[in-house]
Amino acid sequence: MGKQAAYGTSLSYIDPDFIFDPETPEETGDVVIHQVGDITGPEISVETIDVTTHDSPDGFNEFLPGMADGGELSFDLLFDPGEGGHDRILDLVKRRIPLDFTITLPGDSGNFAFAGLFTKAGQTFPVKDALKASVSIKVSGSPVFTPPA
């Protein structure tokens, strides 16, 4: 596979209040967040443990790997007060509950799946621009990339 444009990437989560109904098995509780702009993250990092001693070689610091962090995911969206999903994000920030998220890449290019929680949803009301919201999700655990089949 060659180079890939990011246009068409989608971000979704499983609604924590979804109740499975055997009469409609196609319903999964998967909620796609609409009107999303640029998405940044998740950005995985590893903490370091300083093990430098007085006899470290050549006076250089020495480190061991510590815990890994799945980082954060952030995005802006065009805030639509009439879009129920946008109000839902505000509600989920306040509820502080972990959710399952998926970033689906365009054209069957694979996806990233991770657990996380909404940690920020701040609106802007500029004079000469659209209503917007900045949203952040803290990743809990390790994001998993599934390549295309």
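In this predicted model, the mean position of the 9 positive charges of the chain lies 10 Å from that of the 24 negative charges, where Lys and Arg count as positive and Asp and Glu as negative, with His and the chain ends not counted, and each charge is placed at NZ of Lys, CZ of Arg, CG of Asp or CD of Glu.

Local features need pLDDT of at least 70 and side-chain atom pairs count only at pLDDT 80 or more, while totals for chains, interfaces and linings use all residues. Residues are numbered from 1 along each chain as its sequence is written, and side-chain values use heavy atoms, leaving out hydrogens and water.

The chain has one helix and nine strands, in the order β-β-β-β-β-β-α-β-β-β; these are DSSP runs, with at least four residues for a helix (H or I) and at least two for a strand (E).

| Property of the chain | Value |
|---|---|
| Box filled by the C-alpha atoms, along the principal axes | roughly 65 × 45 × 40 Å |
| Exposed area (Shrake-Rupley method, 1.4 Å probe) | about 10000 Å² |
| Share of the exposed area supplied by carbon and sulfur atoms | 55% |

Of the 149 residues of the chain, 22% count as buried, meaning under 20% relative accessible area with a 1.4 Å probe and protein chains only.

Ser56, in the loop between strand E4 (45–50) and strand E5 (63–69), is buried, with a relative accessible area of 8%. A polar atom of the side chain of Ser56 lies 2.8 Å from the backbone nitrogen of Thr53. Leaving aside neighbours within four places in sequence, Ser56 is in contact (heavy atoms within 4.5 Å) with Val51 and Glu62.

Conventions. Buried means under 20% relative accessible area, exposed over 50%, partly exposed in between (1.4 Å probe, protein chains only). A polar contact is a pair of N or O atoms within 3.5 Å; within protein, one must be able to donate a hydrogen and the other to accept it, and residues adjacent in sequence count only if both atoms are side-chain atoms.
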